[in-house]
Amino acid sequence: MADYVIPPPAVAAVPVAGGGAFPVRRVFCVGRNYAEHAREMGSDPDREPPFFFMKPADALLTGGADMPYPPQTADLHHEMEMVVALGKGGTDIAEADALAHVWGYAAGLDMTRRDLQGQAKKEGKPWDMGKGFDASAPIGLMVPAETIGHPAKGAIVLKVNGAVRQSADLSHLIWSVPEMIAYLSRLVALAPGDLIFSGTPAGVAAVGRGDLLEGEVAGVGTVRTRIV
Ligand code: MN
């Protein structure tokens, strides 16, 4: 073991339905992967190549914990997403083999400081501080693909204080799960423990302190957090 000069950081992990925990290496996110959301963000939803950004693994917020309203924003948005968890890595993964690399799935939220992201876009600067802040990735229980298979259709819904804010179907993904894995594996060497947030449908909007966010991906599970 290395002679660490400070205590090593804890391994980020997502609790698994039925017990155990999935250790997380990196968190990738796909941008603009539902046509209606691309339109609401002012983009052309034509099939431009997928693009990716990242959040630090320790931005994951598990167990239905409260999410502290983050600093330096007046426009905190929800983005309800299905999360793909890789159990096997690789480079240049073929679409036909991609699903064999998936360990499981979860429901997650790509929380976004929309004002910081918008400013960064306008100035041609990185999105990191709009996307990768502390507690910016609430996530529900992980479920193994062995149990649920590989969901390609089914409702993805987010309610805020009981009212539906986002509602779509996984079949509306512009880039499917196998396609996003294949594409990403040509950019970086994927590894066991990597997560991919697969993009959000239309209906993103601001939330504030006290709001209760409850999301569900049919056949996968739920995610829940209250902004405090
Ligand atoms: Mn997103």
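Which residues are buried in helix α3 (residues 114-123)? In this predicted model, in which local features need pLDDT of at least 70, side-chain atom pairs count only at pLDDT 80 or more, and totals for chains, interfaces and linings use all residues, the buried residues of α3 include R114, Q117 and A120. Residues are numbered from 1 along each chain as its sequence is written, and side-chain values use heavy atoms, with hydrogens and water left out. Buried here denotes under 20% relative accessible area, exposed over 50%, and partly exposed the range in between (1.4 Å probe, protein chains only); helices (H or I, at least four residues) and strands (E, at least two) are DSSP runs numbered from the N terminus.

R114, Q117 and A120 lie on the same side of α3, because they cover an arc of only 125° around the axis, the arc being that of the directions from the helix axis to the C-beta atoms. An α-helix has 3.6 residues a turn, so residues three or four places apart point the same way. The cover over the buried residues of α3 includes α1 (35-40), β6 (76-77), β9 and α4 (128-131), where contact means heavy atoms within 4.5 Å. Just after the helix, G124 adopts a positive phi of about 65°.

Strand β9 contains T112, which counts as buried because its relative accessibility is 0%. When its neighbours within four places in sequence are left aside, T112 is in contact with D75, L76, H77, E79, Q117, G130, K131 and F133. Of these contacts, Q117 is one of the buried residues of α3, while E79 is one of the protein donors of the manganese ion.

The protein donors of that ion are E79 (OE), E81 (OE) and D110 (OD), at 2.0 to 2.1 Å from it, and their spacing in sequence is E-x1-E-x28-D. Distant parts of the chain are linked by the pair E81, in strand β7, and D110, in the loop between β8 and β9 (112-113), which stand 29 residues apart. Both E81 and D110 are buried. Donors are defined as N, O and S atoms within 2.8 Å of the metal (3.2 Å for Na, K and Ca), and since water is not among the atoms, sites may look incomplete.

E79 also figures in the lining of the largest cavity, which comprises 17 residues, with G31, R32, H37, E79 and K131 nearest its centre. This cavity has a volume of about 100 Å³, and α3 supplies the largest share of its lining, 3 residues. R32 itself, placed in the loop between β3 and α1, has a phi near 40°, a positive value in a residue other than glycine, and is partly exposed, with a relative accessible area of 25%. The largest pocket holds about 160 Å³ of space, and strand β16 (residues 221-226) gives the largest share of its lining, 4 residues; among the lining residues are P15, G63, G64, I139 and R224. On a 1 Å grid over the protein atoms alone, a cavity is a set of points where a 1.4 Å probe fits but cannot get out, and a pocket is an open set with protein on both sides within 12 Å along at least five of seven lines, lining residues having an atom within 4 Å of a point. Grid points are joined across faces, edges and corners, and a volume is the space filled by probe spheres set on the points.

The largest nonpolar core (buried Ala, Val, Leu, Ile, Met, Phe, Trp, Tyr and Cys residues joined through side-chain atoms within 4.5 Å) has 41 residues, of which M111 and I181 have the most contacts inside it. Two or more residues of this core come from each of β3 (27-30), β7 (80-86), β8 (102-109), β12 (155-160), α6 (177-184) and β15 (212-217). A second, separate core of 20 residues includes V16, F22, V27 and I139. Helix α6 is mostly covered, with 7 of its 8 residues buried, and these residues pack against β3, β4 (52-55), β7, α2 (95-98), β8 and β14 (195-197).

A further positive phi, near 60°, occurs at A135, a residue other than glycine, in the loop between α4 and β10 (137-138); A135 is buried, with a relative accessible area of 13%. P68, in the loop between β5 (60-61) and β6, touches A135 and V228, not counting residues up to four places away in sequence.
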